[in-house]
Amino acid sequence: MNCNTQNAKIAGITEESLIIGVDIGSEIHFARAFDWRGFEYSKKAFQFSNSDVGFNNFRIWMHDLQVKHQKTVVIPGMEPTGHYWFNLGIFLQEQGIKPVLVNPHHVKKSKELDDNNPTKNDRKDPKVIAGLVSSGRFSYPYIPEGVYADLRITSNLRFQAQKELNRVLNRIARWLSIYFPEYKDVYGKRDSISGMMILRQASLPSDIVALGVEGVNKIWRDAKLRAVGIKRATILVEAAKRSVGSREGVIAARMEIVTLLEDYETYSARVNDLLQLIEDMISEIPHVEKLLEIKGVGMKTVSGFIAEVGDISRFDNPKQLQKLAGLAIVENSSGKHKGKTKISKRGRKRLRYLLFEVAMSVVSKNDEFGTLHYYYTNRRDNPLKKIQSLIAIACKLIRVFFVIMTKGISYDGDKLLADIKRPAMLATAV
């Protein structure tokens, strides 16, 4: 049975239910208690701290109300305010109480229903939250456990380290454009190993000229660096001689580039270490190797997908994953007006971006997905724009990943195309 539908959620709320609305704060939380019809049992908002003592006081308060009003089930609902709800959520789960979450957007939109007033306070918000829970407008929180928890944290660390690494690379590019713009004529990549090695010891063009061709080549030989020699050293020195880079503030410029190169090495090493750790973790998850068999899908994609999704067996169907990623299709239509469809963009942003990036990868590297993309953009009826097609491919990847990870079957490109009903024109696609 699909327990995530609103009907199923409403069915779980009965006369035996004690509904608790909790307004989450960074240090202090506020709670109010109601029955399934909205009748309030608490005389005033119960205040408790974000601590072990506060959590136990909250548990005792809920238990006393449960006994007094003869309720068999307690349903605490809360608005996920940043990370402040994590500890309370874990505490309730350890007590055998299953908390639920309401959408902050829903709280904001519905808080005027009772008093036609947009006021926000610690007494009003718990009531609004409890009302949303009573009507089945909530979701069950997912707190990863075991390898899934480690993978999510490690993946977040990798994304942060990669972000810092990109920031440092951009600062290096800025420095080069000011002090050594000709560098790009010698090296196509800002992070070339041989180029960074020279910049560390001879930061400015004048330093490289002073070092000379033999001096540059000696640095590479001492480091036993391959694929570079006299020819590359000559090109570098000649570029330095004709450089039009700034000659002001050279002392600070040398210090800046050395600092940036050190930061680059630090974050680069951190990213590599985290990728290795992720690869070790990912091997513990069933059927991951089958995902990696798909051409165009790599370790970063698979690890990022699982880190965001967690245990995929908690989902009943791929549409729930599509909704989680914010790729659910929505439209605004009324009467004779039929609005354009678009994706909701309400969900895990990082998962949505990851799926879009892997969609571009499989379209360029995987023959089956490339053929599918060609069909979507060239079909006679309702051809899609390229971005629309990539979104459709991302949704298709969700379904493929779901089937592989839940059923343990291998990827079959022929079956992927056979499942699509399309005219004969697809057979001529390249």
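Biologist: Why is methionine 255 called exposed?

Modeller: In this predicted model, methionine 255 has a relative accessible area of 59%. The word exposed applies over 50%, so methionine 255 is exposed. Methionine 255 is found in helix α11, which covers residues 250-282.

Biologist: How far is methionine 255 from isoleucine 10?

Modeller: Their C-alpha atoms are separated by 64 Å, and the two residues are 245 apart along the chain.

Biologist: What makes the protein chain more spread out than a compact globule?

Modeller: The globule rule gives 22 Å for 430 residues, whereas the radius of gyration of the protein chain is 29 Å. That value is well over the expected one, so the chain is more spread out than a compact globule. Its C-alpha atoms fill a box of roughly 90 × 65 × 45 Å along the principal axes. Within the protein chain there are 18 helices and seven strands.

Biologist: What share of the residues is buried?

Modeller: Of the 430 residues in the protein chain, 45% are buried, the cut-off being under 20% relative accessible area. The protein chain exposes about 24000 Å², and carbon and sulfur atoms supply 52% of that area.

Biologist: Which strands of the open five-stranded sheet are called edge strands, and why?

Modeller: The order of the sheet is β3-β2-β1-β4-β5, with mixed pairing. The edge strands are β3 (46-49) and β5 (100-101), and each pairs on one side only.

Biologist: How do you know that β2 and β3 pair?

Modeller: Pairing requires at least two bridges, and four bridges join β2 (residues 28-34) to β3; therefore the two strands count as paired. They run antiparallel, and phenylalanine 30 stands opposite glutamine 47 in β3.

Biologist: Which helices lie against this sheet?

Modeller: Among them is helix α2 (residues 52-68), which packs on the sheet and touches β1 (17-23), β2, β3 and β4 (73-78). The direction of helix α2 makes about 150 degrees with that of β3. Helix α5 (residues 124-134) lies across β1, β2, β4 and β5, and runs at about 135 degrees to β1.

Biologist: How confident is the predictor in the protein chain, and where is the pLDDT below 50?

Modeller: The average pLDDT is 88, and 92% of the residues score at least 70. Over residues 425-430 the pLDDT is below 50, and this stretch has seven contacts beyond near neighbours in sequence. Where pLDDT is low, the predicted coordinates should not be read in detail.

Notes:
Residues are numbered from 1 along each chain as its sequence is written. This is a predicted model: local features need pLDDT of at least 70, side-chain atom pairs count only at pLDDT 80 or more; totals for chains, interfaces and linings use all residues. Side-chain values use heavy atoms; hydrogens and water are left out. Contact means heavy atoms within 4.5 Å. Axes are lines fitted to C-alpha atoms, for helices over the stretch in contact, and angles run from 0 to 180 degrees between N-to-C directions. Buried means under 20% relative accessible area, exposed over 50%, partly exposed in between (1.4 Å probe, protein chains only). The radius of gyration is taken over C-alpha atoms; the globule rule is 2.2 Å times the number of residues to the power 0.38. Accessible areas come from the Shrake-Rupley method with a 1.4 Å probe; for residues, only the protein chains shown count as cover. pLDDT is the predictor's confidence in each residue, from 0 to 100.
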